[in-house]
Every structure is written in C-alpha cells, then in structure tokens.
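This report describes a single protein chain, with attention to its cysteines, its fold, one edge of its sheet and its charged contacts. The sequence and the structure are shown first.

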Amino acid sequence: HLDVAIVGIGYPNEGSAIKATGYFKENEMELLKERNVAGEICMQFYDISGDTSPFENDNNVVGLDIHKLRKVPCSIGIAGGMEKISAIRGALAGKYINTLITDYRCAEALIKE
C-alpha cells in the first residue's frame, strides 16, 4: 500500500554503494557489466530497456520487488553524475520511477536523447 517510494538509482562501479556494502566483489561487478547491466534499484539489476530477467539469479535481496514500483503512484528515483545516464535510462524505460531528481548535466543529456 505504498503511496510514495524514494529510491536511489545505482550503477556497479568502484565507488558504488553495492561495492561499499561488500555484497558484491569487484569480479562480480565486472561480470554484471559484461552482461550489459545498466543499473540497479533496491539491489535489483536491469538492462538499458529496464529488463530484469537477465539478472534474476543475481537478486539475493529480501525486500521490495522492483516491479512493484510500477504501481506506486509517486515513485521517485534519485541519481546524479554522467556515469549514471544508462542507469537512469533503464529505470525510466522499465517504468520503475515516474519522477526523477538529478543534476543539471544529467537532465540535459537525457532531454537531448
């Protein structure tokens, strides 16, 4: 019965939160990149089109299923930095968020596409 969800949009890289948590090691993150991961929300991965199916075996999280975000009336994603453009695009394509908080450069780049 969520009315509002606020989620971070991540991308597996050296400075990412998923690396800092220790849940994923460097070699695991490299494998995700090789499989064309675009980003993650709630530690659940998706590709540039928002498809999670290539990464379903990588989801070891007990929590909100990313697909349920599509039914939340106000699903807010937060991400900034040009390295997150693909992650933002995938989140929008998958309809996991309907509101975005980002920086000016990201917004400008997304609008130009």
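## Cysteines

A disulfide is counted here as a pair of cysteine sulfur atoms within 2.5 Å. The model is a predicted one, and a search of the whole structure under that criterion finds zero disulfides. Cys 74 takes part in no disulfide, the nearest cysteine sulfur being that of Cys 42, 15 Å away. For Cys 106 the closest cysteine sulfur is also in Cys 42, at 19 Å, which is too far for a bond.

The surroundings of these two residues can be described by their accessibility. Cys 74 counts as partly exposed, because its relative accessibility is 25%, whereas Cys 106, at 0% relative accessibility, counts as buried.

## Overall fold

The protein contains four helices and five strands, and these follow one another along the sequence in the pattern β-α-α-β-β-β-α-β-α. The radius of gyration is 13 Å, close to the 13 Å that the globule rule gives for 113 residues, so the protein is as compact as a globular protein of that length.

Along its principal axes, the C-alpha trace spans about 35 × 35 × 25 Å. Of the 113 residues, 39% count as buried.

## Strand E1 and its partner

Strand E1 covers residues 4-8 and includes Ile 6. Its side chains alternate: Ala 5 and Val 7 point to one face and are buried, while Val 4, Ile 6 and Gly 8 point to the other face and are not buried. Ile 6 in particular is exposed, because its relative accessible area is 59% and the threshold for that class is over 50%.

Five bridges join E1 to strand E4, which spans residues 74-78, and the two strands run parallel. Within this pairing, Val 4 of E1 stands opposite Cys 74 in E4, the cysteine described above as partly exposed, with a relative accessibility of 25%.

## A nonpolar patch

Which residues make the nonpolar surface patch of about 360 Å²? The patch is made by Val 4, Ile 6, Ile 78 and Ile 101. Val 4 and Ile 6 both belong to the face of E1 whose side chains are not buried, and residue 78 is the end of the range given for E4, the strand that runs parallel to E1.

## Salt bridges

The count of salt bridges comes to two. In one of them, the side chains of Lys 33 and Glu 30 meet at 3.4 Å, N to O. These residues lie three positions apart in helix H2 (residues 26-34), so they are separated by about one helical turn. Lys 33 is partly exposed, with a relative accessible area of 26%, and Glu 30 is likewise partly exposed, with 32%.

In the other, the side chains of Arg 89 and Glu 113 meet at 2.6 Å, N to O. This pair links distant parts of the chain, with Arg 89 in helix H3 (residues 85-93) and Glu 113 in the segment after helix H4 (104-112), 24 residues apart. Are the two partners buried, partly exposed or exposed? Arg 89 counts as partly exposed at 30% relative accessibility, whereas Glu 113 is exposed, with a relative accessible area of 56%.

Notes:
Residues are numbered from 1 along each chain as its sequence is written. This is a predicted model: local features need pLDDT of at least 70, side-chain atom pairs count only at pLDDT 80 or more; totals for chains, interfaces and linings use all residues. Side-chain values use heavy atoms; hydrogens and water are left out. Patches are made of residues with over 30% relative accessible area and no salt bridge: like charges are joined within 9 Å, nonpolar side chains (Val, Leu, Ile, Met, Phe, Trp, Tyr) within 5 Å. Accessible areas come from the Shrake-Rupley method with a 1.4 Å probe; for residues, only the protein chains shown count as cover. A salt bridge is a side-chain nitrogen of Lys or Arg within 4 Å of a carboxyl oxygen of Asp or Glu. Buried means under 20% relative accessible area, exposed over 50%, partly exposed in between (1.4 Å probe, protein chains only). Two strands pair if DSSP finds at least two bridges between them. The radius of gyration is taken over C-alpha atoms; the globule rule is 2.2 Å times the number of residues to the power 0.38.
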